[in-house]
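Subject: Structure for you to look at

Dear colleague,

Please find the structure below, as discussed. My notes on it follow.

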Amino acid sequence: MTYRSLAAAVAIISALACAHRTLNSYPGEPTIAGAYPTPPVNPGDWPAYNRTLAGDRYSPLQEINDSNVSRLRSVCNYTLPEVTSLQTGPLVVNGTMYFTTDTISYAIDAATCAEKWRKVRHSETPSMLGVNRGFAYADGRLFRGTSDVHVIALDAATGQTLWDRELDVKAPGVSIPMAPIAYNGHVFIGNAGGDIANVTGHVYALDAVDGHVVWKFDVVPASGPARSSWKNPRLPISGGAFWTSFTVDENKGILYVPAGNPAPDFDIAVRTGENLYANSVIAISPRSGRMLAFNQLVKRDAHDWDVDSPPALVTTRSGRQIVASANKDGLLSILDRSRVGHDPNALLGDLRMLSQTPTTTRLNADVALSRSNSTHFCPGIQGGNEWNGAAYSPKTNLLYTGAVDWCANVQLVGDTLKIPQAGEVWFGAETPQPQMMDPPANARGWVTAFDAETGAARWKYQAPKPILAAVTPTAGGIVFTADMGGTLYAFDAASGRMLWQTDTGLSTGGGIVTYTAGGKQLVGVAAGMKSPVWPGGASQSRIMVYGLP
């Protein structure tokens, strides 16, 4: 993919005895339902990237509802002392909002926007894209990744650093832009770099108290059938990295992660084989790092169509246990997770596909790319569903996605013998990256609601600009989102009727959260995204808070 932080180097599994374990160290575990209790989420808080560890983004608050949302007004703003590619997913805990940029961590009063603290940490290797997508929170601590491949813990009250751990994949260009999650005394995080030669993805479990690595999962194992699925021995194995958040099935104690594209991104004539476990939703034991199941949603990827967004874990109204995965291929994939467990004898592929439904325009998806001419295809490499994935409302039994409708034009590289140096971008394309996408004026967006039982589209809205921001449904019958043109929307969750919109004046690609602070339900928006690869650059980056009069 092309807009997450660049990463480089081959990961080497260190021999740190039992404190640093690898995937193959665990022969199996019994299924222990409910073995990982966590405190219930306070209705007025937003304590994780997608509010719940399951990733549904649903808020039970209903003070703001379909009868009064049209009366929303600005309550306060916090203008950052930097203009950045603001893609952070803010957290709100006990009236304090926490959010990040590439180099700064922030805490503000969630009711007044008054700054509480600001922690600057300059990176040895700043992100070329200026991206960090947020914190995890647990027990008064905040956890985040950095562009120089560290994971740090901060005191939520003061912003002081509690620990700072460098991961073993550190090398020129490697970064950690994703928002981690904290669960059962551990912090779960992964490295980015799926477009980079010699880089593969890894999931880490770190101890939340002191940051030591408990286990490490390799998307491409060191040996075995998955390793053998990369068929061209001349190519360095590259891909399967992470740049968005994870989710947890708390009832079963299962971690779900979205592994990104293989590289070279476009040239499947050279990159032969299945390339496992890139472009897969993967279920992992959070205790041991053992893989429990997977589904490779995008096979033989020739379009840079990462499986990239957090897999939303939903139990539908009929009781069906599903994974809702909306990705860069412009499809909402619904998987059956009911048979995923800790049985070591279970089939690894037992994460069955139930349906796939388009979230945006799909064109020439099956047309082979050429070395002699450019091929036009949709979604483009910056199309489909990005770092904010599917959301779910139990009130409507609908899934919601925001998507980018923007196509690309790519010609394969003519010289197939040249292999980039470790750490270099590896698209396998003759077309320069800045010329791949259609003109920015052509880019549009979609907000779509889908039946969670069948995957059928129930309503959709075409936005004049791409939808990169989070999509947030509430018990008040509202769905909030925003587009890159700066418009903030409130839709009727059941019908899709637009109930309210306002022009923020700032392109928006970050989180939209709703919470209680100062005795009122409020809506917080991470707005003002200035990115080198997305249109609609902002002159300011802000947290904007809205509420009823």
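Which residues is Phe246 in contact with, leaving aside its neighbours within four places in sequence? In this predicted model, Phe246 touches Met178, Ile181, Phe188, Ile189, Gly190, Val203, Leu255, Tyr256, Val257 and Pro258.

Phe246 belongs to the largest nonpolar core, which has 46 residues. Along with Leu167, Val203, Leu206, Trp215, Leu255 and Ile282, Phe246 is among the residues that touch the most other members of that core. Several strands each give two or more residues to the core, including strand 8 (150-155), strand 10, strand 11, strand 12 and strand 13. Strand 16 (254-258), strand 18 (280-284) and strand 19 (291-296) do so as well. There is also a second, separate core of 43 residues, and Ala54, Val281, Leu297 and Phe427 are among its members.

Next, the two sheets.

One open sheet has four strands in the order 10-11-12-13, with antiparallel pairing. Strand 10 (181-183) and strand 13 (213-218) are its edge strands, each pairing on one side only. From one strand to the next, the twist averages 20 degrees. Inside this sheet, strand 11 (residues 186-190) and strand 12 (residues 202-207) run antiparallel and are joined by five bridges. Gly190 has Val203 in strand 12 as its bridge partner, and both of these residues are also in contact with Phe246.

The other open sheet is likewise built of four strands, ordered 15-16-18-19, and its pairing is antiparallel. Strand 15 (247-249) and strand 19 are at the edges with a single partner strand each, so one side of each has no neighbour in the sheet. Direction ignored, neighbouring strands here are turned by 20 degrees against each other on average. Strand 18 and strand 19 run antiparallel and are joined by five bridges; Ile284 stands opposite Met291 in strand 19.

One further residue, Ser325, is worth a separate note.

Ser325 lies in strand 21 (residues 321-326). Is Ser325 buried or exposed? Ser325 counts as buried, because its relative accessibility is 0%. Beyond its neighbours within four places in sequence, Ser325 is in contact with Val281, Leu297, Val307, Leu331, Leu332 and Ser333. Of these, Val281 and Leu297 are included in the second core. The side chain of Ser325 also makes a polar contact of 2.8 Å with the side chain of Asn327. Trp117, by contrast, is 208 residues from Ser325 in sequence and 35 Å from Ser325 in space, C-alpha to C-alpha.

Regards

Methods: Residues are numbered from 1 along each chain as its sequence is written. This is a predicted model: local features need pLDDT of at least 70, side-chain atom pairs count only at pLDDT 80 or more; totals for chains, interfaces and linings use all residues. Side-chain values use heavy atoms; hydrogens and water are left out. Two strands pair if DSSP finds at least two bridges between them. Axes are lines fitted to C-alpha atoms, for helices over the stretch in contact, and angles run from 0 to 180 degrees between N-to-C directions. A nonpolar core is a set of buried Ala, Val, Leu, Ile, Met, Phe, Trp, Tyr and Cys residues joined through side-chain atoms within 4.5 Å. Buried means under 20% relative accessible area, exposed over 50%, partly exposed in between (1.4 Å probe, protein chains only). Contact means heavy atoms within 4.5 Å. A polar contact is a pair of N or O atoms within 3.5 Å; within protein, one must be able to donate a hydrogen and the other to accept it, and residues adjacent in sequence count only if both atoms are side-chain atoms.
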